[in-house]
Amino acid sequence: MSARGNILVAGKPGQGPALVLSAPISFWGGVDPKSGRIADVRHPECGQSISGKVLFLPGTIGSSSASAVLMELVHAGHAPAALVLHEPDAILLLGLIVAQEMGWETPVAVRLPREMFGAFEGRQLQVGADGAISVSN
């Protein structure tokens, strides 16, 4: 199984287990920037870590602070290995852009149709700098 996503923010290629979220998430209050765990008790994946995962986001719940949380995750070493979004979220992705401006290594972020997310669930993945998503051997 493989696909090629459109690059939203260039970054370091990543690899890790896929974490396909079943519901949109708010990074502000929904993700603990110190641990990388989903902290929103109403979220179906509450308690799971996004750190080092290829994170598939079916959507985000807006907050202008989402970019700051993602930037904190990058700085603390708890960012996802790669981000795969159904729709671009300019505010969230701004966190990666600012982290890059700070000189921090950031994960690549790509866009992929939501209907393709399920094919990657539970698999170990590689996401290339060119947006290629493939199952690791």
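# Salt bridges, burial and aromatic pairs

Q: Why is Arg42 called exposed?
A: The model is predicted, and in it Arg42 has a relative accessible area of 73%. The term exposed requires a value over 50%, so Arg42 qualifies with its 73%.

Q: What makes the contact of Asp40 and Arg42 a salt bridge?
A: The side chains of Asp40 and Arg42 meet at 3.2 Å, N to O. The cut-off for a salt bridge is 4 Å, therefore the pair at 3.2 Å is counted as one.

Q: Is Asp40 buried or exposed?
A: Asp40 has a relative accessible area of 15%. Buried means under 20%, so Asp40 is buried, whereas Arg42 is exposed.

Q: How many salt bridges does the rule give?
A: The count comes to 4 salt bridges. Among them is the pair of Asp130 and Arg4.

Q: How do you know that Asp130 forms a salt bridge with Arg4?
A: The closest N and O atoms of Asp130 and Arg4 are 2.7 Å apart. This value lies within the 4 Å limit, so the term salt bridge applies. Asp130 belongs to the loop between strand S7 (124-127) and strand S8 (132-135), and Arg4 to strand S1 (residues 2-4), so the pair ties together parts that are 126 residues apart in sequence.

Q: Why does Asp130 count as partly exposed?
A: The relative accessibility of Asp130 is 44%. Partly exposed covers the range between the 20% and 50% limits, therefore Asp130 falls in that class. Its partner Arg4, at 54%, is exposed.

Q: What makes Glu105 and Lys12 a salt bridge?
A: The closest N and O atoms of Glu105 and Lys12 are 3.3 Å apart, and the limit is 4 Å, so the definition is met. Glu105 sits in the loop between helix H2 (90-101) and strand S6 (108-111), and Lys12 in the loop between strand S2 (6-9) and strand S3 (14-20), so the pair ties together parts that are 93 residues apart in sequence. Glu105 is exposed at 60%, whereas Lys12, at 41%, is partly exposed.

Q: Why is Leu73 called buried?
A: Leu73 has a relative accessible area of 0%. This is under the 20% limit, so Leu73 is buried. Leu73 lies in helix H1 (residues 66-76). Beyond its neighbours within four places in sequence, the contacts of Leu73 include Phe27, Val31, Ile50 and His78.

Q: How many aromatic pairs does the rule give?
A: The count comes to 2 aromatic pairs. In one of them, the rings of Phe56 and Phe117 have centres 5.1 Å apart and planes at 70 degrees; over 60 degrees counts as edge-to-face, so the pair bears that name. Phe56 lies in strand S4 (residues 54-57) and Phe117 in the loop between S6 and S7, so the pair ties together parts that are 61 residues apart in sequence.

Q: Why is the pair of Phe56 and Phe120 called stacked?
A: The ring centres of Phe56 and Phe120 are 5.7 Å apart and the planes lie at 20 degrees; an angle under 30 degrees counts as stacked, so the term applies. With Phe56 in strand S4 and Phe120 in the loop between S6 and S7, the pair ties together parts that are 64 residues apart in sequence.

Q: Which residues form one aromatic cluster?
A: Phe56, Phe117 and Phe120 form the cluster. Phe56 and Phe117 are both buried. Phe120 has a relative accessible area of 0%, which is under 20%, so Phe120 is buried.

Conventions:
Residues are numbered from 1 along each chain as its sequence is written. This is a predicted model: local features need pLDDT of at least 70, side-chain atom pairs count only at pLDDT 80 or more; totals for chains, interfaces and linings use all residues. Side-chain values use heavy atoms; hydrogens and water are left out. Helices (H or I, at least four residues) and strands (E, at least two) are DSSP runs, numbered from the N terminus. Buried means under 20% relative accessible area, exposed over 50%, partly exposed in between (1.4 Å probe, protein chains only). Contact means heavy atoms within 4.5 Å. Rings of Phe, Tyr and Trp (its six-membered ring) pair if their centres lie within 6.5 Å; planes under 30 degrees apart count as stacked, over 60 as edge-to-face and the rest as tilted.
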